[in-house]
Amino acid sequence: MEAQTRIITLSTGHHVWTRRVGTSPIRMLLLHGGPGASHEYFEIFEPYLTKAGIELYFYDQLGSYFSDQPDDPSLWTIDRFREEVDEVRRALGLEDFYLLGQSWGGMLALEYALAHPTVLKGLIISNMTASIPSYMRYIQLLRQQLPKEIQEQLRAHEERGDYESAGYQELLIEHLYKRHLCRLDPWPDAVVRTFAHINQQVYNTMQGPNEFVVTGNFKDWDRWPHLGQVSVPTLVIGARYDTMDPADIQEMARRIPRARATICPNGSHMSMWDDSDAYFSAIVSFVRDVEAGQF
């Protein structure tokens with residue numbers, strides 16, 4: 001499979017890593033989550049989507065593992081990342097292309113579609129609700145379903161600000177991450193590498209200490225009122241065991257004028273891994289329908 005790695009210099013002088021796989025007039029740019037994670041957990045996209053005739057563009061956002069990692073918290077904002085995506089898109093010569101974003105990348109993809117609709121052929125929002133308050137509401141519901149003693153242990157750590165302790169991290173892994181982030185046991189190597197390589201400065205600045213505690217600069221982000229302005233064909237993907245409410249995913253598709261929703265029945269937040277067939281068949285069907293003018 002032909003692949004081409006390219007380092008793009010941004011207007012700030014920083015460098016970001018991209019990699020093209022496949023050759024096709026149907027092109028898709030992938031926006032990873034985090035914030036501050038990497039493209040590594042997207043490696044599973046290559047076997048599923050290149051054989052469906054889709055040219056893929058992997059990309060590590062600024063601050064992420066394969067790209068420059070400047071020590072500058074002022075860079076970690078939604079607006080700057082959105083315009084970074086456009087710089088990368090222009091450098092790669094992408095026009096009339098598909099944009100897929102997962103988790104934080106889904107937030108970023110939605111922002112991009114609202115700001116730059118004319119260059120997109122289709123939008124895929126994966127495992128992301130339309131607002132952080134909606135996410136926070138649902139993640140607290142999931143937390144309330146945990147055994148009372150686990151909830152009390154989590155609360156005790158948080159009241160002490162003890163977010164980095166081994167005990168707190170073990171509670172998160174056992175009771176949140178293994179149930180709702182990735183349900184495979186053991187986790188795939190690409191997922192393990194992604195978590196090992198997260199840039200904590202980016203994550204903490206934008207999100208906060210962890211998935212349960214959102215104190216970062218995007219905590220008030222809310223695009224529910226603007227979904228009707230999304231003008232391109234859109235697929236919204238969620239999963240039954242996700243950290244995002246499946247009902248929100250359905251509601252997003254209702255509010256976006258030309259949209260459909262898919263809920264992966266066995267998947268979690270990383271449903272590309274733990275419900276791969278449902279996840280990728282939804283993407284391939286969406287792309288084929290858009291290409292055929294049947295969406």
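How many bridges join β7 to strand β8? In this predicted model, strand β7 and strand β8 (residues 259-264) run parallel and are joined by 6 bridges. Within this pairing, Gly 238 has Ile 263 of β8 as its bridge partner. The two strands, together with helix α9 (residues 246-255), make a β-α-β unit, and this unit is right-handed.

Strand β7 also pairs with strand β6 (residues 120-126), again in the parallel sense, over 4 bridges. In this pairing, Ile 124 stands opposite Leu 235 of β7. Strand β7 is thus described by its pairing with β6 and by its pairing with β8.

The burial of β7 was examined next. Strand β7 spans residues 234-239, and 6 of its 6 residues are buried, so the strand is largely enclosed by the rest of the structure. In a regular strand, the side chains alternate between the two faces of the sheet. Both faces of β7 are covered. On one side lie Thr 234, Val 236 and Gly 238, and on the other Leu 235, Ile 237 and Ala 239, all of them buried. Two of these residues recur in the bridges described above: Leu 235 stands opposite Ile 124, and Gly 238 is partnered with Ile 263.

A contact between segments remote in sequence involves helix α4 (residues 132-144), in which Tyr 138 is found. Tyr 138 has a relative accessible area of 14% and therefore counts as buried, the cut-off being under 20%. The C-alpha atoms of Tyr 138 and Thr 243 are separated by 7.2 Å, although the two residues lie 105 residues apart along the chain. When neighbours within four places in sequence are left aside, Tyr 138 is in contact with Asp 242, Thr 243, Met 244, Asp 245 and Pro 246. Of these contact partners, Pro 246 belongs to the residue range of helix α9, a part of the right-handed unit with β7 and β8.

The cysteines were considered last. A disulfide is a covalent bond between the sulfur atoms of two cysteines. The model contains 0 disulfides by the distance rule applied, which requires the sulfur atoms to be within 2.5 Å. For Cys 182, the closest cysteine sulfur is that of Cys 264, at 13 Å, and this is too far for a bond. Conversely, the closest cysteine sulfur to that of Cys 264 belongs to Cys 182, so Cys 264 is likewise too far from a partner for a bond. Cys 182 counts as buried because its relative accessibility is 0%, and Cys 264 is buried with a relative accessible area of 0%.

Notes:
Residues are numbered from 1 along each chain as its sequence is written. This is a predicted model: local features need pLDDT of at least 70, side-chain atom pairs count only at pLDDT 80 or more; totals for chains, interfaces and linings use all residues. Side-chain values use heavy atoms; hydrogens and water are left out. Buried means under 20% relative accessible area, exposed over 50%, partly exposed in between (1.4 Å probe, protein chains only). Two strands pair if DSSP finds at least two bridges between them. A crossover is right-handed if, with the strands pointing away from the viewer, the path from the first strand over the helix to the second runs clockwise. Contact means heavy atoms within 4.5 Å.
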